[in-house]
Amino acid sequence: MNDTLDNGTFENPVTVKLSSGEVQVKSTREAAEMLLYDWPIGETGKRLQARMACMKVLGGGSPPDVARTAFLGAAKEAQILQA
């Protein structure tokens, strides 16, 4: 298996703004870690969906774009998505 699938690398990074500054999320693994440990708002349906999508990708059951799309939705909801 290649590295792109192992980490679920995104074709296009997602840029978010946290209290620590702007962060480029480049892979499913990075998205999952942010959703688990560095998310600025509490638990929501979109956050949960995004975490589950990340786990499916990291488990090899879905392509990285599935996690990226779910992460985008959660980031928009949390108002941290940078254009």
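In the protein chain of this predicted model, 47% of the contacts between residues at least 6 apart in sequence join residues at least 24 apart. The secondary structure comprises four helices and two strands. Along the sequence, these elements follow the pattern α-β-β-α-α-α. The radius of gyration of the protein chain is 12 Å, close to the 12 Å that the globule rule gives for 83 residues, so the chain is as compact as a globular protein of that length. Taken along the principal axes, the box filled by the C-alpha atoms is roughly 35 × 25 × 20 Å.

Burial and surface were computed for the whole chain. Of the 83 residues, 39% are buried. The accessible surface amounts to about 5,000 Å², and carbon and sulfur atoms account for 49% of that surface. The chain carries 9 positive and 10 negative charges, and the mean positions of these two sets are 5 Å apart.

One aromatic pair was found in a search of the whole structure. This pair consists of Trp39 and Phe71 in an edge-to-face arrangement, with 5.6 Å from centre to centre and 65 degrees between the planes. The angle counts as edge-to-face because it is over 60 degrees. The two residues are 32 residues apart, and the pair links distant parts of the chain. Trp39 is in the loop between α2 (28–37) and α3 (45–58), whereas Phe71 is in helix α4 (residues 64–77). Both partners are buried: Trp39 has a relative accessibility of 10%, and Phe71 has a relative accessibility of 0%.

Two residues of helix α3 were examined for their contacts, with neighbours within four places in sequence left aside. Arg51 is found in helix α3. With a relative accessibility of 19%, Arg51 counts as buried, because the cut-off for burial is under 20%. The contacts of Arg51 are with Leu35, Leu36 and Glu43. Ala53 also lies in helix α3 and is buried, with a relative accessible area of 9%. Outside its neighbours within four places in sequence, Ala53 is in contact with Val66, Ala67 and Ala70.

Separation in sequence was set beside separation in space for two pairs of residues. Ala53 and Ala83 are 30 residues apart in sequence, and their C-alpha atoms are 22 Å apart in space. Lys76 and Lys46 are likewise separated by 30 residues in sequence, but the C-alpha to C-alpha distance for this pair is 9.6 Å. Lys76 lies in helix α4 and is exposed, with a relative accessible area of 56%.

The backbone was also examined in the segment after α4, where Gln79 is found. Most residues other than glycine have a negative phi. Gln79 is not a glycine, yet its phi is positive, at about 60 degrees. Gln79 is exposed, with a relative accessible area of 74%; this value is over the 50% that marks an exposed residue.

Technical notes: Residues are numbered from 1 along each chain as its sequence is written. This is a predicted model: local features need pLDDT of at least 70, side-chain atom pairs count only at pLDDT 80 or more; totals for chains, interfaces and linings use all residues. Side-chain values use heavy atoms; hydrogens and water are left out. The radius of gyration is taken over C-alpha atoms; the globule rule is 2.2 Å times the number of residues to the power 0.38. Buried means under 20% relative accessible area, exposed over 50%, partly exposed in between (1.4 Å probe, protein chains only). Contact means heavy atoms within 4.5 Å. Accessible areas come from the Shrake-Rupley method with a 1.4 Å probe; for residues, only the protein chains shown count as cover. Lys and Arg count as positive and Asp and Glu as negative; His and the chain ends are not counted. The place of a charge is taken as NZ of Lys, CZ of Arg, CG of Asp or CD of Glu. Rings of Phe, Tyr and Trp (its six-membered ring) pair if their centres lie within 6.5 Å; planes under 30 degrees apart count as stacked, over 60 as edge-to-face and the rest as tilted.
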